[in-house]
Amino acid sequence: MALAEAGEALEHEDVPVGAVIVGPRHEGGPMEVLARAHNQRELLQDPTAHAEMVALTQAAAAVGSWRLTGAVMYVTLEPCVMCAGALVLARVETLVFGAEDPKAGAVRNLYRVCEDPRLNHRLQVIGGVLSDECGEVLREFFRRKRGKSGD
C-alpha cells in the first residue's frame with residue numbers, strides 16, 4: 001500500500017514517498033488501516049507535507065487523538081528528522097521503512113531519533129523492508145528529473 005501511495009506522488013511531481021498507518025481505532029480494537037498518504041510538498045507548496053506527516057494527521061483524526069498508541073507506520077523511505085520526531089511525539093509503536101536515506105535519514109543514518117533513550121518515547125524500528133523496490137521508485141524519479149532538466 002505504501003508503494004502504491006508513493007506512485008500517487010508522481011502525479012504532481014512530488015518525490016515518490018508513501019506511508020500507511022495501521023492500528024486500532026479504539027483501545028483494544030482490531031488493527032485496521034487508519035491512514036494512507038504520499039508526499040504533497042509540491043502539490044500544497046508546504047515544506048511539512050511529507051507522506052509521514054500527512055499520514056499522522058489523518059490517523060490522529062481517525063482515532064480522535066494525537067496519541068497513536070499501538071500504531072504501526074509503513075513508509076517507503078527512512079524518515080527525516082521532522083518526521084522521525086513526529087513519530088516519537090505521536091507515540092507510534094513501530095516504524096517499518098523501505099529504502100535507507102543516507103543524506104537525510106534520521107532513523108538509521110544521520111541520527112537514531114526513534115530509539116534515542118533521552119526522549120520520552122521510543123519506537124521499534126524495522127528497516128530495509130522491500131528496500132530494492134522502494135529505492136528503485138526513487139532512483140527512477142530522479143533519473144527522469146535529471147533528464148528533463150538536462151543535468
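Biologist: What makes a residue part of the lining of the largest pocket, and which residues lie nearest its centre?
Modeller: A lining residue has an atom within 4 Å of a pocket point. By that rule 20 residues line the largest pocket, with Val15, Leu77, Asp101, Leu138 and Phe142 nearest its centre. This is a predicted model, in which local features need pLDDT of at least 70 and side-chain atom pairs pLDDT 80 or more, while totals for chains, interfaces and linings use all residues. Residues are numbered from 1 along each chain as its sequence is written, and side-chain values use heavy atoms, without hydrogens and water.

Biologist: Why is this called a pocket and not a cavity?
Modeller: Because a pocket is an open set of points on a 1 Å grid over the protein atoms alone, with protein on both sides within 12 Å along at least five of seven lines, whereas in a cavity a 1.4 Å probe fits but cannot get out. The largest pocket holds about 470 Å³ of space, a volume being the space filled by probe spheres set on the points.

Biologist: What is the lining made of, by class?
Modeller: Nine residues are nonpolar, three polar and eight charged. Asp, Glu, Lys and Arg count as charged, so Asp101 belongs to the charged class. Helix α5 (residues 131-149) gives the most to this lining, with five residues; helices here are DSSP runs of H or I with at least four residues, and strands are E runs with at least two.

Biologist: How do you know that β1 pairs with both β2 and β3?
Modeller: Two strands pair if DSSP finds at least two bridges between them. Seven bridges join β1 (residues 18-24) to β2 and four join β1 to β3, so both pairs meet the rule. Val22 shows both sides, standing opposite Val33 in β2 and Val72 in β3.

Biologist: What makes the sheet mixed, and which strands are at its edges?
Modeller: The order is β2-β1-β3-β4-β5. β1 runs antiparallel to β3, but β3 and β4 pair in the parallel sense over five bridges. The edge strands are β2 (31-38) and β5 (124-126), each pairing on one side only.

Biologist: Why is β3 called mostly covered?
Modeller: Because buried means under 20% relative accessible area (exposed is over 50%, partly exposed in between; 1.4 Å probe, protein chains only), and five of the six residues of β3 are buried.
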